[in-house]
Amino acid sequence: MEKKKCPQCKNLISKTSPTCLFCGRPNKFITKEYVNKKWNEDNNKNVFDYILINKYLIFISLLIFTIVIIKLV
């Protein structure tokens with residue numbers, strides 16, 4: 001189990017504990033990982049929409065292309 005020092009009382013606490021056992025300070029702070037995780041949640045929706053739009057455009061273009069080829073033959 002990984003441990004870190006509490007910034008307030010300097011005692012070792014577990015990284016997964018919600019608070020410091022000695023002083024009660026919350027253990028969850030805004031970190032770079034937390035911010036990236038939050039931003040990626042919002043961005044994943046935009047990426048998913050972008051992928052769907054591209055798939056529909058490709059499907060429509062292939063459909064039009066096949067119709068044109070059938071008409072020419």
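In the predicted model, the protein chain contains 1 helix and 2 strands. Along the sequence these elements follow the order β-β-α. Strand S1 covers residues 3-5, strand S2 covers residues 12-14, and helix H1 runs over 32-72. Of the 73 residues in the protein chain, 8% are buried. The accessible surface of the chain amounts to about 6900 Å², and carbon and sulfur atoms contribute 65% of this area. Among contacts with a separation of 6 or more, 2% involve residues 24 or more positions apart.

A search of the whole structure returned 1 salt bridge. It is formed by the side chains of glutamate 2 and lysine 15, with an N to O distance of 3.2 Å. The two partners are 13 residues apart and belong to distant parts of the chain: glutamate 2 is in the segment before strand S1, and lysine 15 is in the loop between strand S2 and helix H1. Glutamate 2 has a relative accessibility of 54% and is classed as exposed. Lysine 15, at 47%, is classed as partly exposed.

Serine 14 is located in strand S2. Its relative accessibility is 13%, so serine 14 counts as buried. When residues up to four places away in sequence are left out, serine 14 touches Met1, Glu2, Lys3 and Asn27. Glutamate 2 is thus named both among the contacts of serine 14 and in the salt bridge with lysine 15. The side chain of serine 14 also makes a polar contact of 3.0 Å with the side chain of threonine 16.

The backbone oxygen of serine 14 has a further partner, lying 3.0 Å from a polar atom of the serine 17 side chain. Serine 17 is placed in the loop between S2 and H1. A polar atom of the serine 17 side chain is also found 3.3 Å from the backbone oxygen of threonine 19. The side chain of serine 17 is therefore paired with backbone oxygens of serine 14 and threonine 19, and serine 17 itself counts as buried because its relative accessibility is 16%, under the 20% limit.

The disulfide search gave a count of 0. Cysteine 9 and cysteine 20 were examined in this respect. The closest cysteine sulfur to that of cysteine 9 is in cysteine 20, at 3.6 Å. For cysteine 20, the closest cysteine sulfur is in turn that of cysteine 9. This pair is not assigned as a disulfide because the distance of 3.6 Å is too far for a bond, the cut-off being 2.5 Å. The two cysteines fall into separate accessibility classes: cysteine 9 is partly exposed, with a relative accessible area of 26%, whereas cysteine 20 is buried, at 3%.

In the loop between S1 and S2, lysine 10 was identified with a positive phi near 65°, in a residue other than glycine. Lysine 10 has a relative accessible area of 53% and is classed as exposed.

On helix H1, two features were noted. The first concerns the surface: a nonpolar patch is formed by Tyr56, Phe59, Ile60, Leu63, Ile64, Ile67, Val68 and Leu72. Together these residues have about 840 Å² of accessible area. One of the members, isoleucine 60, lies in helix H1 and is partly exposed, with a relative accessible area of 45%. This value meets the requirement for patch membership, because a residue must have over 30% relative accessible area to be included.

The second feature is a side-chain to backbone pair. Threonine 66 is in helix H1, and a polar atom of its side chain lies 2.8 Å from the backbone oxygen of leucine 63. Leucine 63 is also one of the residues of the nonpolar patch. Threonine 66 has a relative accessibility of 38% and counts as partly exposed.

Technical notes
Residues are numbered from 1 along each chain as its sequence is written. This is a predicted model: local features need pLDDT of at least 70, side-chain atom pairs count only at pLDDT 80 or more; totals for chains, interfaces and linings use all residues. Side-chain values use heavy atoms; hydrogens and water are left out. A salt bridge is a side-chain nitrogen of Lys or Arg within 4 Å of a carboxyl oxygen of Asp or Glu. Helices (H or I, at least four residues) and strands (E, at least two) are DSSP runs, numbered from the N terminus. Buried means under 20% relative accessible area, exposed over 50%, partly exposed in between (1.4 Å probe, protein chains only). Patches are made of residues with over 30% relative accessible area and no salt bridge: like charges are joined within 9 Å, nonpolar side chains (Val, Leu, Ile, Met, Phe, Trp, Tyr) within 5 Å. Accessible areas come from the Shrake-Rupley method with a 1.4 Å probe; for residues, only the protein chains shown count as cover. Contact means heavy atoms within 4.5 Å. A polar contact is a pair of N or O atoms within 3.5 Å; within protein, one must be able to donate a hydrogen and the other to accept it, and residues adjacent in sequence count only if both atoms are side-chain atoms.
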